[in-house]
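Here is my note on the structure you sent, set out as numbered points. Please read each one with the model open beside you.

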Amino acid sequence: MANEEKKDQKELVSSKIAVKREDKKLNIFQRIGRWFRDMRSELRKVVWSTPKQVVNNTAIALLFMGVAAIVIWGFDFAADRVIQALIAVAGAGR
């Protein structure tokens, strides 16, 4: 069993080396062409969103950004009031 695993690992390594050697045989234009073919085949696998999904996701994102902006504004406003109160108390003590 261990011998079979070692054999499988050796075959995997040798196949990787063979692939690397194939890449070395290609010139720059062949490699660029291969890259574009691979990119095109990967783009065909992409599941694109429908316009309705895009509008829905955009609305949700804008809603959450608005809520986050309001929360941040609230903390900033509260912190400003606390700092102003501390300055007023420290200034009154002089």
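**Notes on the model**

1. Among the elements of the chain, helix 1 (residues 2-25) has the lowest mean pLDDT, at 64, whereas helix 3 (residues 51-92) has the highest, at 96. This is a predicted model, and for the chain as a whole the mean pLDDT is 86, with 74% of the residues reaching 70 or more.

2. On the overall fold, the chain contains three helices and zero strands, so that reading along the sequence gives the pattern α-α-α. Of the 94 residues, 0% count as buried, and the accessible surface of the chain comes to about 9,200 Å², with carbon and sulfur atoms accounting for 66% of that area.

3. Does the length of helix 2 fall short of, or agree with, what its residues should span? At 1.5 Å a residue, the 17 residues of helix 2 should span 24 Å, and because the end C-alpha atoms are 25 Å apart, the two values agree.

4. The N-terminal end of helix 2 deserves a careful look, since Asn27 caps that end, with a side-chain oxygen 3.0 Å from the backbone nitrogen of Phe29. Phe29 itself is found in helix 2, which covers residues 28-44, and Phe29 counts as exposed because its relative accessibility is 67%, where over 50% is required.

5. Phe29 also belongs to a nonpolar patch on the surface, together with Ile28, Ile32, Trp35, Phe36, Met39, Leu43, Val46 and Trp48, and these residues have about 990 Å² of accessible area together. When following the patch along the sequence, it helps to recall that an α-helix has 3.6 residues a turn, so residues three or four places apart point the same way.

6. Which residues form the salt bridge with each other, and how far apart are their closest N and O atoms? The structure holds one salt bridge, which Glu42 forms with Lys45, the closest N and O atoms being 3.1 Å apart. Side chains of opposite charge can pair when their charged atoms come close. Glu42 counts as partly exposed, at 45% relative accessibility, while Lys45 is exposed, with a relative accessible area of 59%.

How values were computed: Residues are numbered from 1 along each chain as its sequence is written. This is a predicted model: local features need pLDDT of at least 70, side-chain atom pairs count only at pLDDT 80 or more; totals for chains, interfaces and linings use all residues. Side-chain values use heavy atoms; hydrogens and water are left out. Helices (H or I, at least four residues) and strands (E, at least two) are DSSP runs, numbered from the N terminus. Buried means under 20% relative accessible area, exposed over 50%, partly exposed in between (1.4 Å probe, protein chains only). Accessible areas come from the Shrake-Rupley method with a 1.4 Å probe; for residues, only the protein chains shown count as cover. Patches are made of residues with over 30% relative accessible area and no salt bridge: like charges are joined within 9 Å, nonpolar side chains (Val, Leu, Ile, Met, Phe, Trp, Tyr) within 5 Å. A salt bridge is a side-chain nitrogen of Lys or Arg within 4 Å of a carboxyl oxygen of Asp or Glu. pLDDT is the predictor's confidence in each residue, from 0 to 100. The expected span of a helix is 1.5 Å times one less than its number of residues. A polar contact is a pair of N or O atoms within 3.5 Å; within protein, one must be able to donate a hydrogen and the other to accept it, and residues adjacent in sequence count only if both atoms are side-chain atoms.
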